[in-house]
Every structure is written in C-alpha cells, then in structure tokens.
Amino acid sequence: MIEQLASADALLVVDVQNDFCRGGALPVAEGDQVVAVLNRWIEQAERTGATIVMTRDWHPPNHCSFTDQGGPWPVHCVAGTPGAAYHSDLRIPQRAIYMDKARDPDRESYSGFDGTGLAQRLRLAEVERVWVGGLALDYCVKATVLDALAEGFEVHLILPATRPVNIHPEDGHKALDEMQQAGATIERNSP
Ligand SMILES: [Zn+2]
C-alpha cells in the first residue's frame, strides 16, 4: 500500500518528453506507459499539497551529448522543439517547480539536482521525502535519485512510473541495485 503524499513530500517527474516516448528521437521502450501512472501521482500531490517538480531535458542544438558532437546520443530534446515538449497526455500542474536542465552545450547533466538549486528549494519547502518517476530509469532518474539521497532526502523510486533505456539489457536492474544500495526505497506497487 502506497502511503498518502503529504506536504513534507515532493513528487519529482523526470523528463516525460516526446523524444523519450514512442515516435521520438530517443524512445524508451514502453516510455508512454509511465504517463497514466504519473498522472495519478500528480493528482494526489495536487490534492495533498505535496511539492511537485517537473523536469525537462532541454538542450541547445549543439549539445555535447549528441553523436555529431562526439557524444553518445542522437539529437534529442532540443529546446523549444516538439520533441522536447512534455508528452501530450501528461498532466501539467499549475503549481509546480518547473526545471529545464542540461542547457549548457559543453556539459552533460542527467540529474535534476545538478546545478539547479533544487535541493535548496526543497529544503525551503520543508520537504523531507522525495518520490521519483519518469524517464529514463538508468540515466536521468537514477542520477536524480542518487543526488536526492546525497542531499539527505528520504527517497522512494516509483517503479511502475519509470522505464529503462537498457543500452545493455541489464542496465535497468543494475540501476535499481545501485539506487537501493545507496538507500532508496523501491516502490513496486502504485495507485
Ligand atoms: Zn539529453
């Protein structure tokens, strides 16, 4: 049974963008399936006064992570393009902290905490527990979870609300092990 969110909780919705879903530039298998799950969590957060954080991968056209710049990824989530937009079925809350990351062309940044001031904002909101879902499990979600733990938050990963890229087939499982060993709780059930 999932505990009810409360005002000392934050829900972090990581990079639920068209390019990471079916038909996108860097699609994650079953990426679309996180949307309905996360919508229920967003509704719950709105109802209970929990803090909501919505992140986007938001790159300049010459970002260092792109293959034509020597990076590992195809061009994806270029700022302002349809591929960088939130999935059209994702619930967009009125009250949320919106965060666009990895905007510096020369620097990759997977975590929502990396250089964004997010930890400080959550502390100001008196957040103690953080619930994380989104795309992709083995990259931006993992990095966000590990940083949240390092910042001292109690962290719960919502497993039905995330999917791995799985460049190597075991990447998703390895990411879960890593998060769990670092102290995250893996929530295998979800409303
Ligand atoms: Zn990216």
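What percentage of the 191 residues in the protein chain is buried? In this predicted model, buried residues make up 52% of the chain. The paragraphs below begin with the overall fold, then turn to the zinc site, the unusual backbone positions and helix H3.

The protein chain contains four helices and six strands. Read from the N terminus, these elements follow the order β-α-β-β-α-β-α-β-α-β. With a radius of gyration of 15 Å, close to the 16 Å that the globule rule gives for 191 residues, the chain is as compact as a globular protein of that length. Along the principal axes, its C-alpha atoms fill a box of roughly 45 × 35 × 30 Å. Contacts across the sequence fit into this picture as well: among those between residues at least 6 apart, 77% join residues at least 24 apart.

The surface can be described in similar terms. About 8,700 Å² of the protein chain is exposed, and carbon and sulfur atoms supply 48% of that area. The chain carries 16 positive and 27 negative side chains, and the centres of the two sets lie 4 Å apart.

A zinc ion is bound by the protein donors Asp-57 (OD), His-59 (NE2) and His-76 (NE2), which lie 2.0 to 2.1 Å from the metal. Along the chain, these donors follow the spacing D-x1-H-x16-H. His-59 and His-76, 17 residues apart, link distant parts of the chain, and both belong to the loop between strand S2 (51-57) and strand S3 (97-101). Both histidines are also buried.

Val-78 belongs to the loop between S2 and S3 too. Is Val-78 buried or exposed? Its relative accessible area is 15%, and a residue under 20% counts as buried, so Val-78 falls in the buried class. Leaving aside residues up to four places away in sequence, Val-78 touches the zinc donor His-59, together with Pro-61, Phe-66 and Ala-84. Val-78 and Pro-60 are 18 residues apart along the chain, yet 5.7 Å separates their C-alpha atoms.

Several backbone positions deserve a look while the structure is open. Most residues other than glycine have a negative phi, and most peptide bonds are trans. Against that background, a cis peptide bond joins Leu-135 and Ala-136, with omega at about -15°. Ala-136 sits in the loop between strand S4 (129-135) and helix H3 (137-150).

Two residues other than glycine have a positive phi: Ala-102, near 60°, and Asn-166, near 55°. Ala-102 is found in the loop between S3 and helix H2 (118-124), whereas Asn-166 lies in the loop between strand S5 (154-163) and helix H4 (171-181). Their surroundings can be set side by side. Ala-102 counts as buried, at 8% relative accessibility, while Asn-166 is partly exposed, with a relative accessible area of 29%.

How many of the 14 residues of H3 are buried? The helix is mostly covered, with 10 of its residues in that class. Among them are Leu-137, Val-141, Val-145 and Leu-149, along with the charged residues Asp-138 and Lys-142. The others are Cys-140, Ala-143, Thr-144 and Ala-148. What covers these buried positions includes strand S1 (9-14), S3, S4, S5 and H4. After H3 comes Gly-152, which has a positive phi near 95°.

Tyr-139 also has its place in H3, but this residue counts as partly exposed, at 21% relative accessibility. Which residues does Tyr-139 touch, not counting those up to four places away in sequence? The contacts are Trp-73, Tyr-110, Val-165, Ile-167 and Asp-171. Tyr-139 and Gly-172 are 33 residues apart in sequence, and their C-alpha atoms are 9.2 Å apart in space.

Note on methods
Residues are numbered from 1 along each chain as its sequence is written. This is a predicted model: local features need pLDDT of at least 70, side-chain atom pairs count only at pLDDT 80 or more; totals for chains, interfaces and linings use all residues. Side-chain values use heavy atoms; hydrogens and water are left out. Helices (H or I, at least four residues) and strands (E, at least two) are DSSP runs, numbered from the N terminus. The radius of gyration is taken over C-alpha atoms; the globule rule is 2.2 Å times the number of residues to the power 0.38. Buried means under 20% relative accessible area, exposed over 50%, partly exposed in between (1.4 Å probe, protein chains only). Contact means heavy atoms within 4.5 Å. Accessible areas come from the Shrake-Rupley method with a 1.4 Å probe; for residues, only the protein chains shown count as cover. The place of a charge is taken as NZ of Lys, CZ of Arg, CG of Asp or CD of Glu. Donors are N, O and S atoms within 2.8 Å of the metal (3.2 Å for Na, K and Ca); water is not among the atoms, so sites may look incomplete.
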